[in-house]
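New to this one? Take a moment with the sequence and the 3D view, then use the notes to find your way around.

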Amino acid sequence: MSAPDSFNFTAFAFLEGVVNAIPDPLFVKDQHGCFVYTNDAFCKIFGFSKTEILGQSDFDLLPLHVAKRYQKEDLKVLNTGQSTMREEIVDIESDKMRVLSTCKTLYVDAQGKKYVVGVVRDFTERVEYETLLEKEVIEKNIALHKQKEYLEKVINLVPNFIGAKNRDGVYTLANKALADSYGVSVEELIGRKDSDFTNNTRKIKNYESTDQKVFETARPIVIEKEKYLIQSKNIERWVTKTKSPLVNAKGEVEEVVFVATDITEQMEVEQKLRKSETKFKTLLEYAPIGILLLDLEGGNKALDCNAYWCNKLGMTREEAKNKNMIEASPALQENKIDTPTALKQKLKEFRKKGGEPYTFDWRFKNNKNKVFDCEVTWVNAFLEDVETPVTIMVVKDISAQKGVLNALITSENKFKKLFNTAPFGILILEAQSREIVDVNDEAIRMFGYSKERFRQLMPRDLLCKDDVEEELRQFDRLLNGETNGVHFELQCVNKAGKIFWTNTICTRLELKKKTYILTIVANIEERKKMENTLIEKQTILSRIFDTAFDGIEMASQTEDGKIEIIRNNKFRELLGREDKELNKNGSLLEFSPPIQANGQKTEEVYKKITNIYQKNNEVHFEWRVVRSGQKIYDLEIDVRKIRVNNKTIQVTTAHNVTDQKKQEAIIQKQMQNLKEQKEALEQYIESNMQLENFAYIASHDLKAPMRTIISFSNLLEKSLSNRIDQNEKEYLDFIISATKNMEALISDLLNYSKVNNRTYEFEVIDVECLLNGIIGEIQFNIIEKNARIEFGKMPHNIIGDDTLLKQLFQNLIANGIKFHKKDISPHIIVSCEEKAKEYLFKITDNGIGIKKEFHKQIFFLFKRLHAKDKYFGTGIGLAICKKVVETHGGNIWLESEIGQGTSFFFTISKEL
């Protein structure tokens, strides 16, 4: 073996103390493979002193096959100048395996001599931490498997990718970070495979092979470095991944749980270190830890610091150097001690150690006052160009670890809150003694005992006496390990002695080498009442089904493909057959005559009905069947499909319309008769309309000749007054009187025809104004007969035709005055009662009255009950009143007795 080259450390004099303070092992080999330099960390991790290592080669220190592999890597670096990277698990100590990553780089000094510079990164603690984190997550999952949503909140706080897959490669668990990397929600990711998101078969096979290895060996696998594509951002990141088995109570691996940590930043730093010509400077500058040279005796200021620390503080190098530890820290540390006091304590403890490495936790803040937790190591170093000792401070950011720990603490607090706020009672029993060791608030409320009193009770004390023995036998099965859980409905009793139904689940829990029984009790008293009500309703519905007036048949398909048919008695009765015959034949064609009631062939009608049903899933039709005994029945049948609880049921209802069909035949005949009568009535109405038109024309055209006859008769009477005898004068008076009577008749007839032929103008009418106008017009008759008109309660306004309503009221009031009793003054009372849809008017007099047999005839045209010489009139007035009332959507009638007066009633609609 050649002698080792002399290695000049002059250029590294300043950095030597710093290098020895770095926790990562460093070494330098000459071109002959001999160690020419190592730092303290290298000696410590490999268990050799510097004296034992320097000048020796790998062949002197390691097994032959390992030394050959290292020599091959060294020659590659020396000959090509390319850096190498190797990750491996090394058995340095007999009882412990360490996970190491070694990076080798070429260094050439000023004399041209070549050296291999190596940096060893120890990932053991990180892997142990990740394994510990994974173990804690799994333990939480087992302990709180009933509270899955809270576990998800915990793992969603962790920035690492966390997931679990079953043997089919289907995700059964995922945290938010993992789901975000796929660009989906947690719910969308669970239940799917990696192949649902990528077509990279090589990666999928790699995932599956490592998963399969965990399933086969039931041992964790550490994948130090793996490229991972973040689908949502389409970027690749480097991760280190740990896959661990999730084992059930039988020792079988059910799932693989993995935790992946993003190490992209570390990989980037390592790549920069491999490419750098000045390995040590680059390592110090870009190491993923803060490195500072402190003057602890001169105000704690930084003499120098690396780029990582500058980035953590968000400052330039000069700004960072001018910040002492107090200025770069918040006012209070994690333990609520103010920063200056805490720093004095740390300095005191460091001095006691005589400058040996001293590690403690410390809080710093950046230029935006954001606080982050760090692990700080102080160690004294002596530099040639500095007279006093300089303290090297190594700062490691542990905010992520603190965050995970805080998240776990928060999760535990949330679990406690969930335990006490759960909507069901929870009791935890010590399995061996059956003592109740803890209860939640709902259990206290449900049973009425305090938490202290619960600890004095046994499960037997909470159960209804009827259920005690059976339920305790089930409990014994759980304690004996015959089952992992029992579920039953039982009756419990509270402190007040009230019995109530519960849904109870008991599960075994193994905690800290002790067996407990977790008992969950839900009050289902209301549900039981509803079930009883449902049974009662089902019984009622069953009775209604069997006693229904119509025949009902329900057909559905069971899970094994059989057709299940239920019929009521009425259905069997209508077809005149029992279930056995109906199930055998099935089709309606078997019970039908060849021709249906409409004259069509039965088979053709059946095909049409079948087509409609297949198209619409429902059909309604009439059908004729032949019952036993050849009796024909006509049925009205409705067939439709309905969905009940995802089950399709064909419901057929049959209604007996045999009697109805007979009645329809009778009605058809009656309708034909009515049609003939309608045609006759239409002819009558047509002729009546022509008569009314004739009456209007005749009465209108006869008014002028009547006036002419009257006028010339009066002139003739005046001119012949001295020349005619008494008989001639009576003749002339008779002509004039008859003509006046005819004129009155024509005038009333004209008014009657106007009611039918005029265009109505419905408007808002002031009732008081209308009645006052009528009284003014008939004032002469009122005075002449000494009549008294009295008005009761009236509506303020009504809707109607002013002219027609005036005729209506005036005719009825005038009749009350005209038909008065001898020596008794007329007394007319007009009143009104408001109804929901109409006004009911009443006009009462104290006159002579009307016989009952004339109460309807009196409203006919020309119907008179008295001689003209006694009560003058044409017999048209009340017919006009009837027409006016009907025009206003109402009716008119009267109540009267001879000598007792008359009351006319009529209604006026509000909806004109």
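What follows is a quick tour of some strands and a patch on the surface. Keep in mind that this is a predicted model.

**The five-stranded sheet**
- Five strands make an open sheet with antiparallel pairing, and their order is β17-β16-β20-β19-β18.
- The edges belong to β17 (436–439) and β18 (485–493); each has a single partner strand, so one side of each is left without a neighbour in the sheet.
- On average, neighbouring strands here are turned by 25° against each other, direction ignored.
- Inside that order, β19 (residues 499–511) and β20 (residues 514–523) run antiparallel and are joined by 10 bridges.
- If you want a spot to look for in this pair, find Thr504, which sits opposite Val521 of β20.
- As a rule, side chains in a regular strand alternate between the two faces of the sheet.

**A hairpin further along**
- Strands β21 (residues 551–557) and β22 (residues 563–567) pair up in the antiparallel sense, with five bridges between them.
- Together β21 and β22 form a hairpin, and five residues lie between the two strands.
- Gln557 has Ile563 of β22 as its bridge partner.
- In the turn, look for Gly561, whose phi is positive at about 90°.

**A nonpolar patch on the surface**
- Ile667, Met671 and Leu674 make a nonpolar surface patch of about 280 Å².
- One of them, Met671, is part of helix α25, which covers residues 658–719.
- Is Met671 buried or exposed? Somewhere in between: its relative accessibility is 48%, so Met671 counts as partly exposed.

Note on methods. Residues numbered from 1 in each chain as written. Predicted model: local features only at pLDDT ≥ 70, side-chain atom pairs only at ≥ 80, totals over all residues. Heavy atoms only, no water. Pairing = 2+ DSSP bridges. Helix = DSSP H or I, 4+ residues; strand = E, 2+ residues; numbered from the N terminus. Axes fitted to C-alpha atoms, helices over the stretch in contact; angles between N-to-C directions. Patch = residues over 30% accessible without salt bridge, like charges linked within 9 Å, V, L, I, M, F, W, Y side chains within 5 Å. Areas by Shrake-Rupley, 256 points an atom, 1.4 Å probe, with all protein chains shown as cover. Salt bridge = Lys/Arg side-chain N within 4 Å of Asp/Glu carboxyl O. Buried < 20%, exposed > 50% of the residue type's maximum accessible area, 1.4 Å probe, protein only.
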